[in-house]
Amino acid sequence: MDTIEKLSVLSADSRYDLACACGTSREDHRKRGQEGKWLYPVALPQGGYSVLLKTLLSNSCRNDCGYCPLRAGTDIRRCTLQPEEVANVFMEYLRKRKVFGLFLSSGVTGSPDGTMDRINAVARILRYKHAFKGYIHLKIIPGASEAAIEDSFSLASAVSLNIETPGKTRFTLLSGQKDYMKDIIGPMKFMSRLKEQGGRNQKVKCTTQFIVGASDETDSEIIEYMSSIYHKLRFNRVYFSAYQKGLGRPSIPGEKKKLSEPDNIFAREHRLYQADFLMRRYGFGKQDIPVDNNGNLMLDKDPKELWASTHPEFYPVRINSSGRESLLRVPGLGPQTVMKIIRQRREGKIMRLEELGLKGKRLEKTRQYAICE
Ligand code: SF4
């Protein structure tokens, strides 16, 4: 295979890894660019969009993760890119201004550190041979040593290690080869410690991803872990990837029960992103996220609206005098509108919600929970 053919295979296999800036809404997640499947539009932290070159270095893997189509023994077309090949293609796209950064992952070929060496080698070539100073996101391979992780930190703008499941028991159902504590949690804690050291390490973004629906886990379990990942490990983002029936082993526990309706799994992924947003941007604690008796988010209800409808004692919120946290609990008001309220009311009283630019259903929703007097 030539480089482009390999890229075509490997980038297609990388699409289920969402633990990067590759979209933050459901529509963006698996959307790929027009020119090549390896070009992904991404949402930039400062707003707007750009494009990442996103690929695996290899889709060969020695591991047996039940949810993953790349696991050892599956009948797929395997190939591997050499570090120089990836670096050259990337630089070609960069010169044509078609990409702004790179997301690089890999199946585990040989040892975890051997795989990390090859991933880090691409970043090293870009940083030192081509003097590329832009965005590089590197995958930390489960079981990687502290030295290999430190090497990635010294080269990358962002790194990710996928936690996959909330807890060891769930994880053991899906993988007989990886050790949850030693291969995943240990390296995640080390990533967290590196960030705490300050300096350049502090600026490296750390992210992780849950595979949703593969191990019969509940949303409460995921939310509990997510809270620790943000508050104890201080990771920057948690992503979710809906497990899709047919990609993994048919015998995964809970598969029939959970995935009988294909749309449900994406609706669940979407609700988890909403819960994540409430915890990161709206000041919700894990105990504030409403779940049903089975510990799951309600697929047909927005979690913020559900919280509001079950806490009548909290409303109405006063637009002209309530604090930021209270304003953020009003359905229809997001962080940007709340900032606008705080700015605007310094200059004078807000008399009507329309002054905030709210319209239509959003205005009606806000009216139910907030007053200007
Ligand atoms: S280690 Fe990664 S690539 Fe390999 S089987 Fe598991 S999830 Fe798939």
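Helices H5 and H7 are a good place to begin: H5 packs against H7, which spans residues 180-196, at an angle of about 45°, and their axes are 10 Å apart. That angle makes H5 oblique to H7, and H5 passes H7 in a right-handed crossing. If you look at the side of H5, you will find Glu-146, Ile-149, Glu-150 and Phe-153 meeting Pro-187, Phe-190, Met-191 and Leu-194 of H7. Sorted by class, this contact has six nonpolar residues, two charged ones and no polar ones. Keep in mind as you explore that this is a predicted model.

From H5, which covers residues 146-155, we can step to another partner, helix H4 at residues 112-129. Here the packing angle is about 20°, with the axes 10 Å apart. Angles under 35 degrees count as roughly parallel, and H4 and H5 are therefore roughly parallel to each other. H4 passes H5 in a left-handed crossing. The H4 side of the contact consists of Asp-113, Met-116, Asn-120, Ala-123, Arg-124 and Arg-127, while H5 brings Ala-148, Asp-151, Ser-152 and Leu-155. The mix of classes in the contact of H4 with H5 is four nonpolar, two polar and four charged residues.

H4 also leads us to helix H3, residues 83-95. The axes of H3 and H4 come within 9 Å and cross at roughly 40°, so H3 and H4 are oblique to each other. Their crossing is right-handed. On H3, the residues making the contact are Pro-83, Glu-84, Val-86, Ala-87 and Phe-90; on H4, they are Arg-118, Ala-121, Val-122, Ile-125 and Leu-126. This contact of H3 with H4 has eight nonpolar and two charged residues, with no polar ones.

Now let us turn to the ligand. Around the ligand you will find Cys-61, Asn-63, Cys-65, Cys-68, Leu-70, Arg-71, Gly-107 and Val-108. Five residues of this shell are nonpolar, two are polar and one is charged.

Finally, a word on confidence. The chain averages a pLDDT of 88, and 88% of the residues score at least 70. Where does pLDDT stay under 50? That happens over residues 255-261, for which the model has seven contacts beyond four places in sequence.

Methods. Residues numbered from 1 in each chain as written. Predicted model: local features only at pLDDT ≥ 70, side-chain atom pairs only at ≥ 80, totals over all residues. pLDDT = per-residue confidence, 0-100. Contact = placed C-beta atoms within 7 Å. Near = placed C-beta within 6 Å. Nonpolar A, V, L, I, M, F, W, Y, C, P; charged D, E, K, R; others polar. Axes fitted to C-alpha atoms, helices over the stretch in contact; angles between N-to-C directions. Helix = DSSP H or I, 4+ residues; strand = E, 2+ residues; numbered from the N terminus. Parallel < 35°, antiparallel > 145°, perpendicular 65-115°, else oblique. Left-handed = near helix turned anticlockwise from the far one by under 90°.
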